[in-house]
Amino acid sequence: MNKCIVKATLENMSAVLDFVNAHLEDCPPKTKNKIAVAVDEIFSNIARYAYHPEAGDVTVRISVGSDITIVFEDSGAAYDPLAKSDPDVSLSAGERDIGGLGIFMVKNIMDSVEYRREGDKNILTIKKGLNG
């Protein structure tokens, strides 16, 4: 897996997206866009909440084969974004609880989203079929 290590700040979003996109040259545009949305959502959540108010490192790994696997690893506060129940999207924005819509979107556009905690590390893995 190729990897990139950056500080978890919103200013590093473009560096992370550039790193991911550099490995998706043969990927269909629709799939690239879905991956970009997921990467943006996950990285921005890490940047905003994992180390608040400080900023620690995030390691982003990518491998491309029959599918695209991207792994986000940080040593911030333990947090499983998949543990929260999905928002009720049948309700209006005013009626819904705040939060959870971004990870809900990621779960719907990616083929697989998995979280695990190993020692002091949050590890979130997303996968997408090359032509999906």
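Good morning. I begin with the pocket: in the largest pocket of this chain, helix α2 gives the most to the lining, with seven residues. Please keep in mind throughout that this is a predicted model.

The space in that largest pocket comes to about 490 Å³. There are 21 residues in its lining, and those closest to the centre are N45, I46, Y49, Y79 and P81. Four elements give two or more residues each to the lining: α2 (29-50), β3 (67-74), α3 (101-109) and β5 (121-129). As for chemical character, the lining divides into 12 nonpolar residues, five polar and four charged. As a general remark on how such space is found, rolling a probe the size of a water molecule over the atoms shows where empty space is left.

Let me now place these elements in the overall fold. The chain contains three helices and five strands. Along the sequence, their order is β-α-α-β-β-α-β-β. Of the 132 residues in the chain, 39% are buried. The contacts deserve a word as well: among those between residues at least 6 apart in sequence, 65% join residues at least 24 apart.

I turn next to strand β3, one of the elements in the pocket lining. How many of the eight residues of β3 are buried? Seven are, so β3 is largely enclosed by the rest of the structure.

Strand β3 has pairings to β2 and to β5. With β2, residues 57-64, the pairing is antiparallel and consists of seven bridges. These two strands, β2 and β3, form a hairpin with two residues between them. With β5, strand β3 pairs over eight bridges, again in the antiparallel sense. In that second pairing, I68 stands opposite K128 of β5.

Two threonines allow a more detailed look, one in each strand of the hairpin. The residue T59 lies in strand β2, where its place is opposite E73 of β3. Is T59 buried or exposed? Its relative accessibility is 10%, and because the limit for burial is under 20%, T59 counts as buried. Leaving aside residues up to four places away in sequence, T59 touches K3, C4, I5, V71, F72 and E73.

The other threonine, T69, has its place in strand β3. T69 is buried too, with a relative accessible area of 9%. Which residues does T69 touch, not counting those up to four places away in sequence? They are M1, R61, I62, S63, T125, I126 and K127. One distance may also be of interest: T69 and V113 are 44 residues apart along the chain, and their C-alpha atoms are separated by 9.9 Å.

Finally, I come to the cysteines. C4, which appeared among the contacts of T59, has a relative accessibility of 14% and counts as buried. C27 is likewise buried, at a relative accessible area of 7%. How many disulfides does the model contain? The count is zero, because a disulfide requires a pair of cysteine sulfur atoms within 2.5 Å.

To summarise, the largest pocket is lined by 21 residues, with α2 giving the most. Strand β3 lends two or more residues to that lining, and seven of its eight residues are buried. Its antiparallel pairings involve β2, over seven bridges, and β5, over eight. Thank you for your attention.

Conventions
Residues numbered from 1 in each chain as written. Predicted model: local features only at pLDDT ≥ 70, side-chain atom pairs only at ≥ 80, totals over all residues. Heavy atoms only, no water. Buried < 20%, exposed > 50% of the residue type's maximum accessible area, 1.4 Å probe, protein only. 1 Å grid on protein atoms, 1.4 Å probe; cavity = no way out; pocket = protein on both sides within 12 Å on 5 of 7 lines; lining within 4 Å. Points joined across faces, edges and corners; volume = space filled by probe spheres on them. Nonpolar A, V, L, I, M, F, W, Y, C, P; charged D, E, K, R; others polar. Pairing = 2+ DSSP bridges. Contact = heavy atoms within 4.5 Å.
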